[in-house]
Every structure is written in structure tokens, then in C-alpha cells.
Amino acid sequence: MTTRTAPFSPNALPTLFAACVLIALWQALASATADMFVFAGPLAVLGAIAEEGSLLLRSSGITLQSAAIGFFIGNVAAILLAGIALALPRLEQLVSGLALVFFCLPFVATGPILRVIFGVGDGPQITLAALATYYTTYLCLLVGLRATPGSWLDLVRSYGRGRLSELIHVRAMASLPYFIAGLQIGAPAAFLGAMVGEFTGAERGLGVLSIRAMRGLDVEMTWAIATTAAALSAAAFWLFGWLGRCLGAGPPPLLLASRQDGPSVGMTARTGSGLIYLILLILAVLGVWIGLIKGLNLSPFFAKGPQDVWAFLVSDPAAATNRAALFTAFWQTLSLTIPGYLVGLALGAGLAVLLVTQPRLASATLPIAIALRSIPIVTTAPLFVLALGRGAVGTITIVAVMIFFPTLAACLEGMRRTPRPVLDLFSTYAASPWQRLAHAQLPAMAPAFFASARMAVPSALLAATTAEWLATGTGMGSLMALTASTSNYNLLWSAIVVLAVTASLIYALVHILEQRVLHTFASEQLVQ
Amino acid sequence: MTMFKLSRRSFVGAGLGTLGLAAFSPRLLAQDSKDVALQLSWLHSVQFGGSYIAKSKGYWSEAGLNVALNPGGPNAPVDPAVVTGQALIGISAADYASASVEQGAPFKIIGVAMQKNPFVIASLPENPINTPADLVGKKIGMALANTPVLQALCTINNVDINGIEIVPTQYDAAPLVANQVDCLLCWQTDLPVAMAIQGIESVTMLMADHGYAVHSQTYIATEDSLANRRADLVAMMAGEVRGWNDFRADPKAAAALTLEMYPDQGLDLPTQELQAERQVPLMFSELTDANGFGWFTDETVAQNVETLALLGRSVTPDLWDRSILEEVHG
């Protein structure tokens, strides 16, 4: 086995075949459900695109512009944050924690708040696009910056060069493929963020068009918009992939890091430092929260501080009623998010394994996966629910679709990073593909899988609340959207707090699991 | 292109003409045109046609106001924009405004565009809902958030709400068309219009005809503006009144104007024309014929307070302030 079959390699025939099958399936589905006003077939969509071409083009341009600016800002922020984390390892936990909390803020709730802050214009669209992007890139960068062979770092040091050279010559180069993967995952997210931003009151854009089309029972237009958005996101995905290949990600180096058993830190000491970190993080979040409200001089009518949320949930006479309302909705949301999350992760990782063991299948299936993922959830959520019913299945499917693709992309990238010498060794011993998978590729995939499992936590909550808001009218999503009619901003801010804390907790849980596994399989990723 | 090219003479003439006009309008001489904003409650559509007419025909600029029409959306806040002063006036509704007031917003309703609440129960002709009693045993598709609305309708008409199955749906006619529900709670002017344009006839029961009295598309302003920016408020509302009177005279022209002013909204003319036509009877009544657009009386306010109480909103008639309208129509 001399050439590595990369799943992203251009192989036109199977892709073409897959596309034909997909389009045929789509048309059949549309024809079968013609009287349901749910699906429009590819022919009808082409017709709508042809008819409204210039309108779609103008609107795409507007949304794309907000998405691109936000994407850029988000990625610059990610690079800065990763730089800080790497340069000041003591601060890394805190930086990561803060970055995570802000990434976990639910769009449904932050959108209107951003609109009030920015006023008319594209401020909320850009901000949401940036918020949707920065964290995934940051995480990918962190993984990449650490995926460096110790011998290279030794080499830099033996030349008497410092951390800066180490960063530029070794770590930055090593992180490039991961950075590209982060960009690829972030592109559709930025587009989605821009569209959700338009829901808070915009003059024009694809988001505006999609609301109009959905309410107007204009199924062709809804699907034409979804197709356009998907095409744009997919194009961005390929563009960054191509860029990555141009920048030449060479064969990955063999990483042999020693297991960091080291002097084992006592359990109590570890819990102690964890507690201190937690307190620091909470203080930092509260500081940023209060600082933003005071610094931007926001009106107390809608900008609620920590003390308001505390009163609403704890000290107020009506607190028990408030909590009951909030947590009923919360459990409703969580009971749909977690199954969707697990299904999405399993599908993503499972498909990645399948694609790596069956490379021919890979080039056929991947475009379908990308297309599916790139259709923005705001247009698909109502359609999914209409097609799959208002029960749990619809929402769970939406959550799973939302996160399965980033997982797939990350896992594939991780497995491609399996060091060539290791694979050569397996070939030499005529190991079966399954042995190679179990002992070489899966361990290589583990860091990427866990990184995406962590990133998927907020995405899953985002998908569930969006589906609830736009389609099923239940749970936290609907409760938060209600604020528009009730002006109950205490409830809205409390919902934000509950969702952000939940996402952070689940994230931490995944992280603990990850540390255990990586301890064995990829200990270069562990820095203590 | 040459069509719009002004010769120097006509340019000067137009300029002098404007100056001449200005001489009759003391406000314009006193100050440059002032930027104010009207926060709409939804995306641009003929729903706000009267405001577009006021803007395009210069009813506001004559009075020295440069009015921005800020669009709303499904996740767009109206009340905070007014509270923070981003918008001088917002388009809200009596139930939303009273909720905001309970949360401490210093609001008044200074005019009522929709005299009749636009909520309807829409159904298909083969399975029609003509009276509230017909709802029993039916599946209704609606946002759960609107449960109090249905509850109020049931209470007013002595219908047991437990006999109705509520199916949470998104705001779109597809569940009704796909027979997932028997009826929908929606606005007279959107989903039934969308269905009609798609060739699907529907039966609508206007809730306002069955005792549900909640002013909709109301103009809200803060107490601070009412005290300190009266002239601007009067000028804004005067423009609105003129715009909506023009709208009533020619709803089709308003539809065409909407498309012309907002070409990127994905609107189509037949839908906008039908929507405009169906909107007129909700906005104009004997009351407005007698007193002018936007009017309300102690009696209609009392009916509102009563219905709002059923919605769980405790408000007093103080929420309504007619002084601006009285100056406009006086």
C-alpha cells in the first residue's frame, strides 16, 4: 500500500453517481408528498431558482457578506485566543472556559439582545456569525498546536531558539491541517449565524426570504433558498479543503509521546485546584457580564444582571413558580437534545470509520453528507418536523443532523493523521484492515473525535432550541422566543444562564472522559 | 437614464419651489429635518402600507421629519427599541404593551391601527369552523404561546377548552393543508391569504366577531416622549393618518408601492394586493369614520381591559393616551 487513499480526493465518477441517486431520491420524495406542501423536487427548485435568480443572488450576497465578515472576525479571535492559551499556559483553562461559556449562549436569546445593542444594520448578523465560528476554530487550533512531535521541539531548543520560534516553525505548521478543518466546520455555522441574525429584523437577505417563503406556503422558494444556502456552504467547505491541500499538508509525523504518568498528583490536590479554577471562571464570567451591561450602558428594561437572575430564580417570592416554568421547559429540551447528540456522534464517527475502511464509498457519500449538513437548520427544522412528525423523532433528527457532520469531518481528518510509519508497520505484518483500524486509526482519531464531541454540545442545544422555536413550539426554544410578546427579560436571561451552564457542564463531563482515554492513546494532547 | 436627468433650470426651479413650500411650513425653517424611527412589528410588507405611503408622499418630510422604518422579524424586539429610544414610536399590540408595562416599561398606546384583532380560526370548507362551539373535538394547530388567546376565546363563549386538542405548530399553513390539524390559529391577513394564492379556499372565523377585543398594531411611545417630544409624535401620527387614509382609498396602489420600495423582500403583487384588501375592514370601522384613523374610545378601551384580564394581563385604561390623536384630528 504505497498511496494513502484520502477520502477527500477528487474522484468524479462515484460522486456523480451519488449525486444522481440523491437527486432521484429527492424527486421521488417530492412527488410522493406533493399534496403535503413539504417537499419541492429538484425540478421545481431549479424552476424557482431560474425565476427568482436575481433576487436570490442579491439576498445571498447580503447574507454571505455578513457571514464572511463574522467568519473572519471569529477566526481572528480564535487565533488570538489560541495564542494566549499557548503563550500563557496558566491562563489556558480560564481562556478556554470563558470562550466556551460565550459559545454556549443560545442564539434564540442573544439575537434580540444584540439587535437592541446594535440597532438597525448588520451588527447582530455579523456578531452571531462570529460567535458561531470562533470556538470551533479555537479548539481545532489547540489540538493542532499540540500535535507536534517532541523531537521537533527538542530540535528548536537545541538551536537555542525560544518559544516564539517553536510557535512559528513547528506548532503553527503542525496545526495547519487542524486549522483548515476548523475553517471547514465553521463556514456553514457562520452562514447559519448570519441567517438567524436576520431573524432579529433585517432589510434583506436569505433569512428574510426564507421566513417569507415558509409563511407564504411557497415550498419551491423555501427549498430554492435551502439549496442556495447549502450550495454556498458546501462551496466554502471545498474551498477551504482545496486551500489546505494547496498549502501542502505533508505526511503526518509519527508522534511518540511518553505516557504522562509522572508523579501522580493527589486526588484532593486536583479537586482543590479544579475548585479554584471554577471559582475564577465564575468570577470572570460575572465580571464580563456586568462589565458589558455597565460599559455599553444597556437599559435595565431588557439587560438583566446576575442579581436580577438570582432574584428571579432564587430570592423572589415568585421564584418557585419561575423555576418550575423554566425547568419544565428545560427538561423537555434536554430529553430531546441528549438522544440527538448521542445519535449524531455515533453516526458521525461510525460513518468516518466506514469511509476509511471503504475508501471507494467515501468519495461517493461525503458530498451527500456535506450537502445535508450545509442546508441551514433554520430552513430545514420546520420541514423535518413536518415530515417526521411533532414527536421526539423530528427534533432528535434535527439535532443529530446538525452535529453528525462536524463529527464526521473531524474524525476523518483525525484518521488521515494516522502516521504513515505506523500504517507501514501494519502493512508489513499483513494486518487486516480491522486490526489497522482498531490499533492505529481509531487511536489517531480519538483526539479529533473528542474535540468534536465537545464542540457538538453547544451545537446540539442550539439545534434543539431552534427546532423548538421554529417548529414544535415547546421547550426552552419556545420559552425564549416568547419574550418577544411578554417582555419577560428576567426569564430570558435566566434561560441563557441555565443553558450556558448546562452546556458547560456536559462539556466538562466529556472532557473528563476524554482525558481518561487520551491518557492512553494520545498523551501528547495532555498538558498538565 | 436621461428621464431622470434634471436640467439646471428645472433643478433651480424645484429648489425654489421647495423653498416656497417651506415658507408655509414654519417647522421646516426652524430646524433641519430630524431623524426619527418607527419600529415595525414584522418584516416589510403591505401590512405597513400606510407608513410607506406617508414616507414616499412626503407626509413626514413636509413636517421636518426623516422617518426610518425599521423592520421587525420573528426574533425582533419591538418594545426594547422604544424603551431605549432607538425608535420614537413602535408598532406593538395591546397585549404585548400591557405585558411590557407590567415589566416596568413606561409605555402608552397613542393610536390603534387595527380596530379589530386580526386573529382568526382558519379551517378548510369541508371541515369548517364557523363558531367557537365548532372547536370542540377538533385539533387546532397553533403556537403554545398563544394558549391564553384560545383560553380567552373559550371563556368569552362558554366553550370548554379541554375539549379542544392543541397541536403545537410553527406559524405556517402546511399542517392544515396536510390535514395534520383541523384548524389553525393565525392572522386573517397572512396564512389564509397564502392559502388563497395557492388556490386553497379556507373558512375564517374572526375572533373579534366573537368577543375577543384586543387592539392590534397599536402605536406605542414612552411617557418621556409624550411629555417632551409631543410635536414629533403629532407629526408622526399625522403622517400615519394621512398615509392610511390613502391606503384605504387605493389598497392596490399601496401593494404596488410596497413592492417598489422593498424589492428584496420576496413579495409578490397578488399576495400583497389580497392582503391589503383583507386588511382594510380590520382597520376602518364606524368609529374611525366618525373620528378618524387610529381612534379609540373609553368604551373600546374598557372592552380591551376586560379581554386582557382574561389573558392574565391586569391593565388600567391609563395605558391608552388619546391626546396625540386629539391634536392630529382636532
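## Helices α7 and α8 of chain A

In this predicted model, helix α7 (residues 150-158) of chain A meets helix α8 (residues 163-198) of chain A, with axes that come within 10 Å and cross at roughly 135°. Angles over 145 degrees would count as roughly antiparallel, and this crossing makes α7(A) oblique to α8(A). The crossing of the two helices, α7(A) and α8(A), is right-handed.

Which residues of α7(A) and α8(A) meet? On the α7(A) side they are A:Trp152, A:Leu153 and A:Val156, and on the α8(A) side A:Ser165, A:Glu166, A:His169 and A:Val170. Sorted by class, the contact of α7(A) with α8(A) holds four nonpolar, two polar and one charged residues.

## Two further helix pairs in chain A

Let's move along to helix α6 (residues 123-146) of chain A and helix α18 (residues 433-472) of chain A. Their axes come within 10 Å and cross at roughly 155°. The pair α6(A) and α18(A) is therefore roughly antiparallel, and α6(A) passes α18(A) in a right-handed crossing. From α6(A), the contact draws on A:Tyr135, A:Thr136, A:Leu139, A:Cys140 and A:Val143. From α18(A) come A:Pro447, A:Ala448, A:Ala451, A:Arg454 and A:Met455. By class, the contact of α6(A) with α18(A) has eight nonpolar residues, one polar and one charged.

A third pair joins helix α13 (residues 319-357) of chain A to helix α16 (residues 392-416) of chain A. Here the packing angle is about 35°, and the axes are 6 Å apart. The crossing of α13(A) and α16(A) is right-handed. If you look through the residues of the contact of α13(A) with α16(A), you will find 23 nonpolar, six polar and no charged.

## Where chain A touches chain B

How many residues of chain A are in contact with chain B? There are 49 of them, in contact with 43 residues of chain B. On the side of chain A that touches chain B, the elements giving two or more residues are α3 (53-87), α5 (107-118), α9 (206-215), α15 (377-388), α18, α19 (475-481) and α20 (483-486) of chain A. Helix α18(A), the partner of α6(A) above, is one of these elements.

The largest share of that side comes from α9(A), with seven residues. By class, the side of chain A that touches chain B divides into 27 nonpolar, 15 polar and seven charged residues.

## A first sheet in chain B

Turning to chain B, five strands form an open sheet in the order β2-β1-β3-β10-β4, and the pairing is mixed. At the edges are β2 (65-70) and β4 (107-114) of chain B, each pairing on one side only. Neighbouring strands of this sheet are turned by 25° against each other on average, direction ignored.

Within this sheet, strand β1 (residues 34-39) of chain B pairs with strand β3 (residues 89-92) of chain B in the parallel sense, over two bridges. To find the pairing in the structure, look for B:Leu38, which stands opposite B:Ile89 in β3(B).

## A second sheet in chain B

Chain B also has an open sheet of five strands in the order β7-β6-β8-β5-β9, again with mixed pairing. β7 (165-168) and β9 (203-206) of chain B stand at the edges, each with a single partner strand, so one side of each is left without a neighbour in the sheet. From one strand to the next, the twist averages 30°.

What is the sense of the pairing between strand β5 (residues 119-123) of chain B and strand β8 (residues 183-187) of chain B? These two strands pair in the antiparallel sense, over five bridges. One place to see it is B:Phe119, whose bridge partner in β8(B) is B:Trp187.

## An annotated domain in chain B

For chain B, an unreviewed UniProt entry places the feature "domain: SsuA/THI5-like" at residues 47-254. Over residues 47-254 of chain B, the chain is 35% helix and 23% strand. The end C-alpha atoms of this stretch are 10 Å apart.

Note on methods
Residues are numbered from 1 along each chain as its sequence is written. Chains are lettered from A and ligands numbered from 1 in the order in which they are written. This is a predicted model: local features need pLDDT of at least 70, side-chain atom pairs count only at pLDDT 80 or more; totals for chains, interfaces and linings use all residues. Two strands pair if DSSP finds at least two bridges between them. Helices (H or I, at least four residues) and strands (E, at least two) are DSSP runs, numbered from the N terminus. Axes are lines fitted to C-alpha atoms, for helices over the stretch in contact, and angles run from 0 to 180 degrees between N-to-C directions. A crossing is left-handed if the near helix is turned anticlockwise from the far one by less than a right angle, and right-handed if clockwise. Ala, Val, Leu, Ile, Met, Phe, Trp, Tyr, Cys and Pro count as nonpolar, Asp, Glu, Lys and Arg as charged, and the others, Gly among them, as polar. UniProt positions are given in the numbering used here, feature names are shortened, and annotations may be inferred rather than shown by experiment. Angles under 35 degrees count as roughly parallel, over 145 as roughly antiparallel, 65 to 115 as roughly perpendicular and the rest as oblique. Two residues are in contact if their C-beta atoms, placed from the backbone, lie within 7 Å.
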